[in-house]
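Student: Hey, got a minute to walk me through this one? I'd like to start with how the helices pack.

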Amino acid sequence: MSDIHQHKILILDFGSQFTQLIARRVREAGVYCEIYACDVDAQRISEFAPRGIILSGGPESVTAATRYPIADIVFELKVPVLGVCYGMQAMASYFGAEVVNADHSEFGYATVRARGHSVLLRDIQDRANDEGHGLLDVWMSHGDRVESVPEGFKLIASTDNAPVAGFADEARKLYALQFHIEVTHTRQGAAIINRFVGEICECNTDWRPAGIAENCISQVREQVGTDSVLLALSGGVDSSVVAAILHRAIGEKLTCVFVDTGLLRHAEGDQVMATFAESLGVNVIRVDAEDEFLQALAGESDPEQKRKVIGGLFIKIFEREARQLDGVRWLAQGTIYPDVIESAGSATGKAHVIKSHHNVGGLPADMQLKLVEPLRELFKDEVRAVGRELGLPATMIDRHPFPGPGLGVRILGEVTKPFAQTLRAADQIFIEELRRHDLYQKVSQAFAVFLPVKSVGVTGDGRRYAHVISLRAVETTDFMTANWAHLPYDFLDLVSRRIINEIEEVSRVVYDISGKPPATIEWE
C-alpha cells in the first residue's frame with residue numbers, strides 16, 4: 001500500500017477565517033496537508049517534511065507591532081512556498097519590500113491581470129482583455145498593499161488598486177498572491193492550488209477515498225494489535241463510519257456501545273439498533289442511561305459545563321461496560337478534524353476555544369481506556385466519502401449531523417425531561433416536513449432548538465403562555481463555514497403551524513438566519 005501521507009503540504013495559519021478552506025482545497029486536489037500555527041517552532045516544521053508550504057491570510061497588518069513574521073525555516077527548507085493575502089505581504093516584508101496601509105482597501109470581487117506568465121498562473125484565466133492579457137475574477141480582502149516587488153522576484157499579477165497583486169521567484173519556486181485562492185468566489189482558485197501542489201511541489205495525488213479508507217483500516221490494526229475495542233456509537237455519520245472501519249480492521253474484536261441518553265431524536269435508539277445490529281451484523285450493546293444523564297445535568301445551564309458533564313458521564317458508562325468485556329483496552333470515537341480545531345485541540349493550543357466537543361475537550365484526565373480515533377484528520381466530506389467507499393448505505397451516510405451531547409446542547413439552559421420531550425416532538429415535525437417536501441437533502445443540517453423563554457400566544461379564544469422553538473437549517477460543504485438555508489416561506493409557515501398546533505408547550509416558532517461565522521451551527 002502506498003503511503004498517502006508521504007507527499008504533503010504544510011499550511012501555516014496566520015489567523016485567517018479561510019485557513020480551513022485552504023486545507024480542504026489542497027485535499028480536494030488529492031494531496032494530504034496539515035495546519036500549524038504560524039509561530040510553531042522550527043523543529044516541528046522541519047520534522048513535518050513538507051513538499052511545499054502555503055502561508056495563509058490573517059487579520060493583522062504587516063505594518064503593525066502585533067504582526068506575525070515568517071520563520072526563517074520556511075525558506076531554509078528550500079521547498080516551494082505560496083503566500084496568500086497576509087502571507088504575500090509577510091513574504092514581501094521578509095525579502096525587504098515595502099508594505100503600507102493602502103488608501104483604498106479591497107474587499108470583495110476584483111479583476112486581476114495576470115502578468116509575467118509564471119508557472120503558477122500560466123494558461124489559467126477567466127477571460128482575456130482586448131490586448132490579449134489574461135484576466136482573473138478573484139476575491140480580495142486586504143487593507144495593506146505591497147508597494148514594490150521584492151528584489152529577485154518578478155511581477156505576476158496586478159489590479160488597479162494593487163499594482164503588485166502577485167510576485168514570484170521561479171528559480172526558488174517562491175510565489176505570492178494578494179487574492180484568496182481558497183474561496184469559491186475566486187473562480188480559478190482550485191486550478192491555481194492544483195498547479196502549485198501538483199506541478200510545482202510535484203506531489204502525488206494519492207489522497208483519495210479508497211486510499212484513505214485502506215489507510216484508516218491499516219492504522220487501526222497497527223495501533224490496537226490483538227486488543228478488543230469498544231466503540232462509542234451514536235448512530236451519526238462519524239461513528240457509523242468508524243464502526244465500518246473497525247469492523248473491517250478487527251472483526252469480532254469490536255463491540256459497539258450505544259448509550260441512550262434520553263437526549264436523542266425521535267425513535268433514534270430503535271433506528272440505530274436496527275441498522276447496526278440487524279443490517280450490518282455489528283455487535284451492539286444498548287445502555288439505557290436517561291435517568292443518569294438527567295440527574296447529572298440537573299441545575300446546570302452553562303453550555304461548556306453541560307458538554308463536560310455529558311462527556312464525563314459517557315466515559316464512565318463506557319468504562320463500566322468495558323469492565324464487563326474481555327480484553328477491552330481501547331475506546332474508539334468518531335472525532336473529526338473540525339472537532340479538534342473548534343476545541344483548540346491542536347498541539348500548539350493557539351486557537352481560540354469556540355466550543356468544547358465532548359469527545360475532545362470533555363474527556364477526563366484519569367480515563368482508563370486508550371483512544372483510537374481513525375477519522376481525527378478528516379473533514380466531514382472526507383468522512384462521507386470514506387463511508388461510501390466502505391459500502392455504507394446512503395440513508396446512513398447522508399444523515400444530517402447530530403452532536404454527541406444530543407439535545408443536551410439544543411435545549412438552551414437547564415436540561416429537563418419535559419423540555420427534551422417538547423424539543424424532540426418539534427424537531428420530528430421539522431425533519432418530517434423537510435423529507436416530505438424533498439428539502440432534507442438540499443440542506444446540510446437542520447434541527448430545532450428549545451429556548452428557555454416563554455411567549456404569550458393565542459389558541460382558539462384562550463391565552464397560551466408557553467415556550468419558543470427556533471428552527472435552524474444551514475448549507476455548507478465543510479461545516480467550518482455555513483450559510484443559513486433560504487427555505488420557502490410557505491414551508492416555514494406550515495412547519496410553524498404544525499408545531500404550535502400539535503405541541504401544547506410551544507406558543508411561538510422562529511427561524512435562525514445567522515451564518516457561520518459569526519454564529520456557530522449549533523446554538524451551544
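Tutor: Sure, we'll go through helix packing, then the cores, then some backbone oddities. Keep in mind that this is a predicted model.

Student: Okay, at what angle do α7 and α12 cross?

Tutor: Roughly 40°, and the axes of α7 (residues 237–250) and α12 (residues 380–389) come within 10 Å. That makes α7 oblique to α12. The crossing is left-handed.

Student: Which residues meet there, α7 to α12?

Tutor: On the α7 side you have Val-237, Asp-238, Val-241 and Ile-245, and they meet Lys-380, Val-383, Arg-384, Val-386 and Gly-387 of α12. By type, the contact has five nonpolar residues, one polar and three charged.

Student: Which residues of α12 are buried?

Tutor: Lys-380, Glu-382, Val-383, Arg-384, Val-386 and Gly-387. Those buried residues pack against α1, α6 (209–224), α7 and α13 (394–397). Just past α12 comes Gly-391, with a positive phi of about 85°.

Student: You mentioned α1. How many of its residues are buried?

Tutor: Nine of the ten, so to speak a mostly covered helix, spanning residues 19–28. Among the buried ones are Leu-21, Ile-22 and Val-26, but also Arg-24, Arg-25 and Arg-27. After α1 comes Gly-30, whose phi is positive, near 90°.

Student: Switching helices: how do α14 and α15 pack?

Tutor: Their axes are 10 Å apart and the angle is about 145°, with α14 covering residues 417–436 and α15 residues 489–502. Here the crossing is right-handed. From α14, the residues in contact include Ile-429, Phe-430 and Leu-434, while α15 brings Phe-491, Leu-494, Val-495 and Ile-499, among others. The whole contact divides into eight nonpolar residues, no polar ones and five charged.

Student: Now the cores. Which residues have the most contacts inside the largest one?

Tutor: Leu-471 and Leu-487, in a nonpolar core of 94 residues. Helix α7 gives the largest share of this core, nine residues. There's also a second, separate core of 41 residues, which includes Ile-22, Ile-54, Leu-121 and Cys-201.

Student: What does Leu-471 touch?

Tutor: Leaving out residues up to four places away in sequence, its partners include Phe-430, Phe-447, Leu-492, Val-495, Ile-499 and Tyr-511. Phe-430, Val-495 and Ile-499 also turn up in the contact of α14 with α15.

Student: On to the backbone. Which peptide bond near Pro-517 and Pro-518 is cis?

Tutor: The bond from Pro-517 to Pro-518 is cis, with omega near 10°. Another cis bond joins Lys-516 and Pro-517, where omega is about -10°. Pro-517 lies in the segment after β19 (506–511), and Pro-518 is found in that segment too. Most peptide bonds are trans, by the way.

Student: Where do Ala-267 and Asp-438 sit?

Tutor: Ala-267 is in the loop between β12 (254–260) and α8 (268–279), and Asp-438 is in the loop between α14 and β16 (445–459). Ala-267 has a positive phi of about 60° without being a glycine, and Asp-438 likewise has a positive phi of about 60°.

Student: Is Asp-438 buried or exposed?

Tutor: Exposed, because its relative accessible area is 53% and the cut-off is over 50%. Ala-267, at 35%, counts as partly exposed.

Student: Last one: how far apart in space are Asn-101 and Ala-249?

Tutor: 56 Å, C-alpha to C-alpha, with their positions 148 residues apart in sequence. Asn-101 is in strand β5 (residues 99–114) and counts as exposed at 51% relative accessibility.

Terms used: Residues numbered from 1 in each chain as written. Predicted model: local features only at pLDDT ≥ 70, side-chain atom pairs only at ≥ 80, totals over all residues. Heavy atoms only, no water. Axes fitted to C-alpha atoms, helices over the stretch in contact; angles between N-to-C directions. Helix = DSSP H or I, 4+ residues; strand = E, 2+ residues; numbered from the N terminus. Parallel < 35°, antiparallel > 145°, perpendicular 65-115°, else oblique. Left-handed = near helix turned anticlockwise from the far one by under 90°. Contact = heavy atoms within 4.5 Å. Nonpolar A, V, L, I, M, F, W, Y, C, P; charged D, E, K, R; others polar. Buried < 20%, exposed > 50% of the residue type's maximum accessible area, 1.4 Å probe, protein only. Core = buried A, V, L, I, M, F, W, Y, C linked by side-chain atoms within 4.5 Å.
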